[in-house]
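Okay, thanks for coming, everyone. I'd like to walk through one model with you today, and I'll stick to the charged and polar side chains and the helices that carry them. Let me put it up on the screen.

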Amino acid sequence: MANADRGDDRPRPRRRDGLWAIGVTALVVGVGVRLLMSGASAWPSALVGAVPAAAWIVWWVRRRRVRDAGAVGAEPEDVPGMERQILKGGPAPRDPERRRAMATLVDSRQERLRRNRWWAFPMLALIFFGTSALWFASGSVGAGSAMLGLAVVFMGWLTWYNLRFDRRLSQMRGRLRS
């Protein structure tokens with residue numbers, strides 16, 4: 001998994017970056033959610049239902065890493081470390097090839113982050129607040145209030161995270177240019 005001749009400015013791969021860790025986490029969460037919804041006696045169906053979902057998540061993460069790595073000219077196992085370096089506000093790499101790969105990743109992430117923002121946020125707001133309005137209209141004040149609270153919290157968190165990630169990408173772009 002890790003390249004033996006890694007430079008000092010390459011972040012070390014973490015255990016949680018491994019596809020097996022992502023798959024196990026998805027499986028545990030999937031089984032847990034299904035058991036909470038169906039009861040503890042439904043564990044065989046929860047396991048059977050969660051395995052394909054976990055496999056799909058692993059396939060999707062692997063596909064995304066390979067595509068990102070191919071686009072920036074890096075190895076697929078280096079992409080999570082590069083993303084972590086951007087998010088944590090780490091220093092720009094000293095190696096010119098790594099700087100170029102990091103700059104390409106930053107540009108790709110920022111373009112992807114901004115591309116669908118104009119329609120995705122209003123659509124999510126419509127779904128969450130519309131569901132709350134439907135609950136209220138049907139006479140279920142408790143469910144409507146819970147959905148309204150969930151909508152406010154989720155949309156607030158999503159906006160904060162989106163702006164934070166965009167700011168971190170811009171900061172890394174500035175560090176790469178200097």
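Before I count anything, here's the rule: I call it a salt bridge when a side-chain nitrogen of Lys or Arg sits within 4 Å of a carboxyl oxygen of Asp or Glu. And keep in mind that what you're looking at is a predicted model. Going by that rule, the count comes to ten salt bridges. The general idea is familiar: side chains of opposite charge can pair when their charged atoms come close.

So, let's start with helix H4. H4 runs over residues 96-115, and at 1.5 Å a residue its 20 residues should span 28 Å; the end C-alpha atoms are in fact 28 Å apart, so the two agree. Which residues of H4 are buried? They are Arg98, Ala101, Met102, Leu105, Val106, Arg109, Gln110 and Leu113. If you look down the axis of H4, those buried residues fall within an arc of 160°, so they line one face of the helix. And what covers them? The cover includes helix H2 (43-72), helix H3 (79-87), H5 and H6.

Now, two of those buried names in H4 are worth a stop. Take Arg109 to begin with. Arginine 109 makes a salt bridge with glutamate 83, and the closest N and O atoms are 2.2 Å apart. That pair links distant parts of the chain, with glutamate 83 in helix H3 and arginine 109 in helix H4, 26 residues apart. Are these two buried or exposed? Both glutamate 83 and arginine 109 are buried.

The other one is glutamine 110, which also lies in helix H4. Glutamine 110 has a relative accessible area of 3%, so we call it buried. Its side chain makes a polar contact of 2.6 Å with the side chain of aspartate 166. Skipping residues up to four places away in sequence, glutamine 110 touches Asp166, Leu169, Ser170 and Arg173.

Hold on to aspartate 166, please. Arginine 114 forms a salt bridge with aspartate 166, with the closest N and O atoms 3.0 Å apart. This is again a link between distant parts of the chain: arginine 114 is in helix H4, aspartate 166 is in helix H6, and their positions lie 52 residues apart in the numbering. The two partners sit differently, by the way. Arginine 114 is partly exposed, at a relative accessible area of 43%, whereas aspartate 166 counts as buried because its relative accessibility is 10%. While we're on shared partners, there's also a network: salt bridges join Arg64, Asp68, Glu83, Arg109 and Arg112 into one.

Then there's a pair inside H4 itself. Arginine 115 forms a salt bridge with glutamate 111, with the closest N and O atoms 3.7 Å apart. These two are four residues apart in helix H4, so about one helical turn separates them. Arginine 115 is partly exposed, with a relative accessible area of 42%, and glutamate 111 is partly exposed too, at 43%.

Next, arginine 117, which is in helix H5 (residues 117-137). Arginine 117 comes out as partly exposed, with a relative accessible area of 25%. What does arginine 117 contact, once neighbours within four places in sequence are left aside? Pro122, Asn162 and Asp166, so there's our aspartate again. The side chains of arginine 117 and asparagine 162 are joined by a polar contact of 3.0 Å.

Now for an arginine without a partner. Arginine 168 lies in helix H6 (residues 141-177). Arginine 168 is buried and yet has no salt bridge; the nearest side chain of opposite charge is aspartate 166, 11 Å away. Leaving out its neighbours within four places in sequence, arginine 168 is in contact with Ile86, Leu87, Lys88 and Gly89.

Last stop: proline 93, in the loop between H3 and H4. Proline 93 is buried, with a relative accessible area of 0%. Its C-alpha atom is 9.7 Å from that of methionine 82, eleven residues away along the chain.

If you take one residue home, take aspartate 166: a salt bridge to arginine 114, a polar contact with glutamine 110 and a contact with arginine 117. That's it from me.

Key:
Residues numbered from 1 in each chain as written. Predicted model: local features only at pLDDT ≥ 70, side-chain atom pairs only at ≥ 80, totals over all residues. Heavy atoms only, no water. Buried < 20%, exposed > 50% of the residue type's maximum accessible area, 1.4 Å probe, protein only. Lys, Arg positive; Asp, Glu negative; His and termini not counted. Contact = heavy atoms within 4.5 Å. Polar contact = N/O pair within 3.5 Å; in protein donor to acceptor, adjacent residues only side chain to side chain. Expected span 1.5 Å × (residues − 1). Arc of directions from axis to C-beta.
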